[in-house]
Amino acid sequence: MIVRQAKAMTTTLDEYKRLFREAHVADQMKLFRLHIGIYLVVNIIWLALNWMGSIKIDPSLAVYYSPVGWGLLVIVHYWFYVRGAENLCKLREDMVEARIR
């Protein structure tokens, strides 16, 4: 009877972990889409203001530092927090389980 309860709890716990990971991955994707949206809005405005002449920056290539630099960070965000979201979740689970033991 105890073995049956342990198996049921393990299955329930494993199912919970799987569902939690899926929700975490979905949340990270939503945050990434928000990051992309903010990136596009801010940089379109930034470049438009520079091209219209409202803001003058020297050297002229410095206008592109922000979109390129931020764009690289958007790629890092995707690589580690969206693509690797499930692995991050597993790492956290292992850390919590290690503390319990």
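Accessible areas here come from the Shrake-Rupley method with a 1.4 Å probe. On that basis the protein, which is a predicted model, exposes about 8200 Å². Carbon and sulfur atoms supply 69% of that area.

**Stop 1: the whole chain**

Start with everything shown as a cartoon. The protein has three helices and zero strands, and along the sequence the pattern reads α-α-α. Its radius of gyration is 22 Å, well over the 13 Å that the globule rule gives for 101 residues, so the protein is more spread out than a compact globule. Turn the view along the principal axes: the C-alpha trace spans about 80 × 20 × 15 Å.

Now colour by burial. Of the 101 residues, 21% count as buried. For contacts with a separation of 6 or more, residues 24 or more positions apart account for 68%.

**Stop 2: Arg-18 and its two partners**

Select helix H1, residues 2-52, and show the side chain of Arg-18. Which residues does Arg-18 meet in salt bridges? One is Glu-15, where the closest N and O atoms are 2.5 Å apart. The other is Glu-22, with an N to O distance of 2.5 Å.

Look at the spacing along the helix. Arg-18 and Glu-15 are three residues apart in H1, about one turn of the helix. Arg-18 and Glu-22 are four residues apart in H1, and about one helical turn separates them. Taken together, Glu-15, Arg-18 and Glu-22 are linked in a network of salt bridges.

Switch to a surface view for the same side chains. Arg-18 is partly exposed, with a relative accessible area of 35%. Glu-15 is partly exposed as well, at 35%, and Glu-22 is partly exposed at 44%.

**Stop 3: an aromatic pair in the same region**

Stay on helix H1 and select Tyr-16 and Phe-20, which are four residues apart there and separated by about one helical turn. A search of the whole structure finds three aromatic pairs. Why is the pair of Tyr-16 and Phe-20 called stacked? The ring centres of Tyr-16 and Phe-20 are 6.2 Å apart and their planes stand at 25 degrees, and planes under 30 degrees apart count as stacked, so this pair qualifies. Tyr-16 is exposed, with a relative accessible area of 54%, whereas Phe-20 is partly exposed at 42%.

**Stop 4: from helix H1 to helix H2**

Next select Tyr-39 and Trp-70. These two form an edge-to-face aromatic pair, with 5.4 Å from centre to centre and 90 degrees between the planes. Tyr-39 lies in helix H1 and Trp-70 in helix H2, so the pair ties together parts that are 31 residues apart in sequence.

Is Tyr-39 buried or exposed? Tyr-39 is buried, with a relative accessible area of 17%. Trp-70 counts as partly exposed, at 22% relative accessibility. The cut-off explains the two labels: buried means under 20% relative accessible area, so Tyr-39 at 17% falls under it, and Trp-70 at 22% does not.

**Stop 5: a nonpolar patch**

Keep helix H2, residues 65-82, in view and show the surface. Select Trp-51, Leu-61, Tyr-64, Tyr-65, Val-68, Leu-72 and Ile-75: these residues form a nonpolar patch on the surface. Together they have about 830 Å² of accessible area. Which helix gives the largest share of the patch? That is helix H2, with four residues.

One of the patch residues to pick out is Ile-75. Ile-75 is placed in helix H2 and, at 54% relative accessibility, counts as exposed.

**Stop 6: helix H3**

Finish on helix H3, residues 85-100. Select Glu-86 and Lys-90, whose side chains meet in a salt bridge at 4.0 Å, N to O. Glu-86 and Lys-90 are four residues apart in H3, about one turn of the helix. On the surface, Glu-86 counts as partly exposed at 36% relative accessibility, and Lys-90 counts as partly exposed at 34%.

To round off the tour, how many salt bridges are counted in total? The count comes to five, and the bridge between Glu-86 and Lys-90 is one of them.

Conventions
Residues are numbered from 1 along each chain as its sequence is written. This is a predicted model: local features need pLDDT of at least 70, side-chain atom pairs count only at pLDDT 80 or more; totals for chains, interfaces and linings use all residues. Side-chain values use heavy atoms; hydrogens and water are left out. Helices (H or I, at least four residues) and strands (E, at least two) are DSSP runs, numbered from the N terminus. Buried means under 20% relative accessible area, exposed over 50%, partly exposed in between (1.4 Å probe, protein chains only). Patches are made of residues with over 30% relative accessible area and no salt bridge: like charges are joined within 9 Å, nonpolar side chains (Val, Leu, Ile, Met, Phe, Trp, Tyr) within 5 Å. The radius of gyration is taken over C-alpha atoms; the globule rule is 2.2 Å times the number of residues to the power 0.38. Contact means heavy atoms within 4.5 Å. Rings of Phe, Tyr and Trp (its six-membered ring) pair if their centres lie within 6.5 Å; planes under 30 degrees apart count as stacked, over 60 as edge-to-face and the rest as tilted.
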